[in-house]
Amino acid sequence: MQQFKALLLKEWRESVRSFKILWIPLVFVLLGISDPLMNYFMEDILQAVGNMPDGFMMTMPEFQPADLLIASTGQFQSIGLLVLITAYIGSVSRERQNGTATLLYVRPMSFTALFFSKWIVASTIAIISALAGYAGSMYYTALLYGTVDLTKFLAMLGTYCIWLLFVMALTVAMSAAFQTSVAAAVTIILIPVGLIIDTLIGSFWSVTPWKLAKYGTGLLTDSVLMENYWYTFLVVVILIVVIVIIGIKMSKKNIRYLKV
């Protein structure tokens with residue numbers, strides 16, 4: 001337990017020193033506030049830009065508060081996830097490549113503690129970022145468009161946090177399994193590209209891990225079939241456990257790639 005605490009503190013200090021604790025939540029806040037502000041002031045922006053044809057009229061759709069939160073989730077799912085994956089894809093592999101892991105591996109060490117320390121810190125930063133982003137989005141949505149049901153909002157928020165646990169578990173596990181460049185390519189294919197594929201042809205199936213965030217936003221508008229939601233939720237939780245086990249084994253197995 002002492003070893004786990006020491007590794008956890010090391011990872012946390014590294015996130016603080018690299019300012020990940022600051023700039024990643026800031027990115028999510030900017031993403032979160034962009035949709036409600038842009039949509040609300042779009043007509044003013046277009047008029048200020050000028051160069052519009054005479055008689056040009058543009059009617060903006062009347063957004064409901066839930067629509068803005070769904071739009072913010074879309075931003076988190078694209079740019080936000082890419083930022084998180086990029087920030088933590090080298091958490092294990094980069095330490096092996098640059099030799100800094102030598103100081104850890106020369107001592108008797110629990111690879112379970114090593115993996116969990118990296119996953120917990122990465123997930124904590126991801127969840128803090130999502131909370132900050134949704135707080136910004138919710139603030140301007142409530143200010144400009146109105147409020148949503150608090151219980152449904154918290155249910156959506158909790159669902160998205162589970163989704164982030166899955167994303168960060170996969171990111172750290174891929175980092176443990178491959179070198180940084182390969183891990184980045186595999187993770188981007190599995191998460192952002194997987195989300196695009198599921199959006200395009202996902203109507204043919206109702207339960208995949210990529211649907212969890214979408215079903216979470218569906219809770220806001222009561223547009224999700226709860227049976228599909230809970231099956232998807234269960235699948236994601238099982239996958240998190242499986243990925244963590246694989247990540248721990250890969251952390252131990254790939255110690256041979258350590259450069260001294």
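This tour moves through a predicted model, taking the whole chain, then three helix packings, then two pockets.

**The whole chain**

Begin with the entire chain in a cartoon view. Its secondary structure consists of eleven helices and zero strands, so the view can be navigated by helix number alone. In sequence order the pattern reads α-α-α-α-α-α-α-α-α-α-α. The C-alpha trace spans about 75 × 40 × 30 Å along its principal axes.

**Helix 7 with helix 2**

Select helix 7 (residues 111-144) together with helix 2 (residues 20-40): the two pack at an angle of about 25°, and their axes lie 8 Å apart. Helix 2 and helix 7 are therefore roughly parallel to each other. Their crossing is right-handed.

Now display the side chains of the contact. On helix 2 the residues are K20, I21, I24, P25, F28, V29, G32, I33, P36, L37 and Y40. Helix 7 answers with I125, I128, S129, A130, A132, G133, G136, S137, Y140, T141 and L144. Coloured by class, the contact shows 15 nonpolar, six polar and one charged residue.

**Helix 7 with helix 4**

Keep helix 7 and replace helix 2 with helix 4 (65-88). Here the angle is about 150° and the axes are 10 Å apart, which makes helix 4 roughly antiparallel to helix 7. Helix 4, too, passes helix 7 in a right-handed crossing.

The contact involves P65, L68, L69, S72, T73, F76, L84 and Y88 of helix 4. From helix 7 come V121, A122, I125, A126, G133, Y134, S137, M138 and T141. By class this contact holds twelve nonpolar and five polar residues, with no charged ones.

**Helix 7 with helix 8**

Next, add helix 8 (residues 150-177), which packs against helix 7 at an angle of about 145°, with the axes 9 Å apart. This crossing is right-handed.

Select F115, K118, W119, A122, S123, A126, I127, A130, L131, Y134 and M138 on helix 7. Their partners on helix 8 are F153, M156, L157, Y160, C161, L164, L165, M168, A169, V172 and A173. The class division is 20 nonpolar, one polar and one charged residue.

**The largest pocket**

Leave the helix pairs and switch to a surface view. The largest pocket has a volume of about 250 Å³. To find the pocket, select I70, T73, G74, Q77, L195, D198, T199, W210, K211, A213, K214 and T217, which line it. T73 is also part of the contact between helix 4 and helix 7.

Helix 4, helix 9 (180-201) and helix 10 (212-221) each contribute at least two residues to this lining. The largest share, four residues, comes from helix 4. The lining divides into four nonpolar, five polar and three charged residues.

**The second largest pocket**

Finally, turn to the second largest pocket, which contains about 170 Å³ of space. Of the 16 residues in its lining, E11, E14, K20, G90 and S91 lie nearest the centre of the pocket. Helix 1 (2-17), helix 4, helix 5 (93-98) and helix 7 each give two or more residues to this lining. K20 has already appeared on this tour, in the contact of helix 2 with helix 7.

Colouring this last lining by class gives four nonpolar, six polar and six charged residues.

Key:
Residues numbered from 1 in each chain as written. Predicted model: local features only at pLDDT ≥ 70, side-chain atom pairs only at ≥ 80, totals over all residues. Heavy atoms only, no water. Axes fitted to C-alpha atoms, helices over the stretch in contact; angles between N-to-C directions. Parallel < 35°, antiparallel > 145°, perpendicular 65-115°, else oblique. Left-handed = near helix turned anticlockwise from the far one by under 90°. Contact = heavy atoms within 4.5 Å. Nonpolar A, V, L, I, M, F, W, Y, C, P; charged D, E, K, R; others polar. 1 Å grid on protein atoms, 1.4 Å probe; cavity = no way out; pocket = protein on both sides within 12 Å on 5 of 7 lines; lining within 4 Å. Points joined across faces, edges and corners; volume = space filled by probe spheres on them.
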